[in-house]
Every structure is written in structure tokens, then in C-alpha cells.
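Q: Hi! Could you walk me through this structure with me asking as we go?

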Amino acid sequence: MSLHDESTEIEISRVQRLYDASNRVFSSGKAGLPTLRHIRWLQEFLDVMEPSDVGIDALSDDEGLADPESSLMSRNGLILGRTLKQITYIHIHECEDFSIGIFCLPAGAKFPLHDHPNMVVLSKVLYGSVRLKSYDWVTSPCSSPKKAGIAKLVSDNRLLDARCKPSVLFPRSGGNLHSFYAETPCAILDVLSPPYSEDMGRPSKYYRDIPISNLPGYAVLKETDLPDDLTVRGAPYMGPELSVDMEFC
């Protein structure tokens, strides 16, 4: 019998495969700047992801829970995605080159218009449905004292759900600035490269859009302070453990 009997091989989790692919595409010194072909290849790993692959139970509701407001986990140790009552972020991984995480939103939750400075972002809706509005800068925004500039509307009220292919945005195209509204309880799995960083000049900034009446499809975007009503709760990652490449992360 072979020392590598198939019955003894360890199955690699989908989230591990996503991490490995992200590490190969984005990590410094691996293969240079990613090409569109690299990005499309990475999208294939994101496309097959399901809630249970990242430790989320997207089927159970709050029936039978003593305190649905505070209960996060089901009996099998997964996050009860549909019972969350406020926007919740599940951190999976972050290094200098990329991050992986999940936003869970209750029905009716709104995430305000925000940017992704010099980033590539891949996103996959794991369950539920969300409406997306997005822009790209037309003019380089001025920064005195806050950013402002003209942007072109890319998507308006676009519906995304788990049947949709993963979306991708780039530093100057694909809807780099976006907002979303949860039509139903939903979760969005994101891969960001590079991740947000105040120290590296990539802070998250928020905007309000002012449509230009005589120029349909365009708006003036003005930076605003972090909205007072935006609260993001943290929840633990309950999915398969990752084997991380310590050389680059």
C-alpha cells in the first residue's frame, strides 16, 4: 500500500484555498503586480465559497433562542448570520498585502458611501441580497480641507445576491466608491489588497453624493465625517483554521 493512501489525505478547506490563492496573487515578491488574468483566477476561488465554509449558519433563524439579540452562535458552533441585529464584521486574516473578512448585515442596514484608496477589492455575497450604488472618480479629488471631486455613476441600485459572480473593483475603475443597502439579511465576503492602513496613507473615507442636475450620471462627492449612526460589531471567526505563510504575512 502506498504511504500516501488517498484515504489518509487531508482535504483542504475552501477558505484555505482562497487564502492560498490570495497569497499567491497579492503577496510581495510572489509574482509582481497582479494581472487581470490573476484576478479572474482568484474570482474562481471566491465564487465557490458558501457561508458554512467561513463558519456561518445562514439557514437558522432566531426561533427558540432565549436572547436572539445577544446570541451569536448556533448549537454547532457557527455564527448565526440571520439573527444578527446590527452590522457585524468577522475578521479572517490580514497581512501587509491583503485582508479577508466578512460583513454581515441585517435587513434594512445601510453602509454609507466609502472609498478603497489604491486597492483591488473582490467581493462575494454569501447569502441574502444587497443593493449597490457605486462611483469612480472622474477628476482627481482635491483634499483641502476634505476630499471633493466629480465622479461618474457606475451602478445605481444594482441587486447582488449569492447567485451573482464575485465582483471586483480597482483603484480607478469598477466602482471604487460604493454604498450598499441590505434588502434581506446578508453577508459579503471581501478580499482587499492592500488592506486599509492609516499609516500607509489608505484610510477609509466616507462621502455624500450631490447629483449634477445638468450632467446626468455624474455627481460631486464630498468627504464627510464617520456617520454617527454607523456602528460595526465584531464577531469571532468560527471557520476552519488557516495555515498562514509567515514569510510574507
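A: Happy to. Let's start with Ser22, which is buried, with a relative accessible area of 0% (buried means under 20% relative accessible area, exposed over 50%, partly exposed in between, with a 1.4 Å probe and protein chains only). This is a predicted model, in which local features need pLDDT of at least 70 and side-chain atom pairs count only at pLDDT 80 or more, while totals for chains, interfaces and linings use all residues. Residues are numbered from 1 along each chain as its sequence is written, and side-chain values use heavy atoms, with hydrogens and water left out.

Q: Where is Ser22 found, and which residues does Ser22 touch?
A: Ser22 is found in helix H1 (helices are DSSP runs of H or I with at least four residues, strands are runs of E with at least two, and both are numbered from the N terminus). Not counting residues up to four places away in sequence, Ser22 touches Ser27, Leu42, Phe98, Ile100 and Val191, where contact means heavy atoms within 4.5 Å.

Q: Which backbone oxygen lies 2.9 Å from a polar atom of the Ser22 side chain?
A: That of Leu18. Such a polar contact is a pair of N or O atoms within 3.5 Å; within protein, one must be able to donate a hydrogen and the other to accept it, and residues adjacent in sequence count only if both atoms are side-chain atoms.

Q: Zooming out, how many helices and strands are there in the protein chain?
A: The protein chain has two helices and 14 strands. Of its 249 residues, 44% are buried. Among contacts with a separation of 6 or more, 73% are between residues 24 or more positions apart.

Q: Which residues touch the most other members in the largest nonpolar core?
A: Phe26, Val54, Ile92, Ile102, Leu122 and Leu189, out of 33 residues in that core. A nonpolar core here is a set of buried Ala, Val, Leu, Ile, Met, Phe, Trp, Tyr and Cys residues joined through side-chain atoms within 4.5 Å. Two or more residues each come from helix H1 (14-26), helix H2 (36-47), strand S3 (88-94), strand S4 (99-105), strand S6 (120-127) and strand S11. H1 gives the most, with six residues.

Q: And what lies apart from that core?
A: Another core, of 15 residues, with Leu105, Val125, Leu132 and Ala182 among them. As background, nonpolar side chains tend to be buried together in soluble globular proteins.

Q: Back to the bigger one: what is Ile102 in contact with?
A: Leaving aside neighbours within four places in sequence, Ile102 contacts residues including Val54, Ile56, Thr88, Ile92, Leu126 and Leu189.

Q: Thr88 caught my eye. Is Thr88 buried or exposed?
A: Buried, at 0% relative accessibility. Thr88 lies in strand S3, and its side chain reaches the backbone oxygen of Gln86 at 3.0 Å. Beyond four places in sequence, the contacts of Thr88 include Phe103, Cys104, Val232 and Gly234.

Q: Changing topic, how many disulfides does a search of the whole structure find?
A: Zero, a disulfide being a pair of cysteine sulfur atoms within 2.5 Å. Cys104 has no such bond because the closest cysteine sulfur, in Cys186, is 8.2 Å from its own, too far for a bond. Cys104 is buried at 1% relative accessibility, whereas Cys142 is partly exposed at 44%.

Q: How many salt bridges does the count come to?
A: Nine, with a salt bridge being a side-chain nitrogen of Lys or Arg within 4 Å of a carboxyl oxygen of Asp or Glu. One of them pairs Glu183 with Arg131, the closest N and O atoms being 2.8 Å apart. That pair links distant parts of the chain, 52 residues apart, with Glu183 in the loop between strand S10 (177-182) and S11 and Arg131 in strand S7 (residues 129-137).

Q: Which residues are linked in a network of salt bridges?
A: Arg14, Glu50 and Asp53.

Q: Last one: what is the nearest side chain of opposite charge to Arg202?
A: Glu94, but at 7.4 Å, and the buried Arg202 has no salt bridge. For charge, Lys and Arg count as positive and Asp and Glu as negative, while His and the chain ends are not counted. The side chain of Arg202 does have a polar atom 2.8 Å from the backbone oxygen of Pro195. Arg202 is in the loop between strand S11 (186-193) and strand S12 (206-211).
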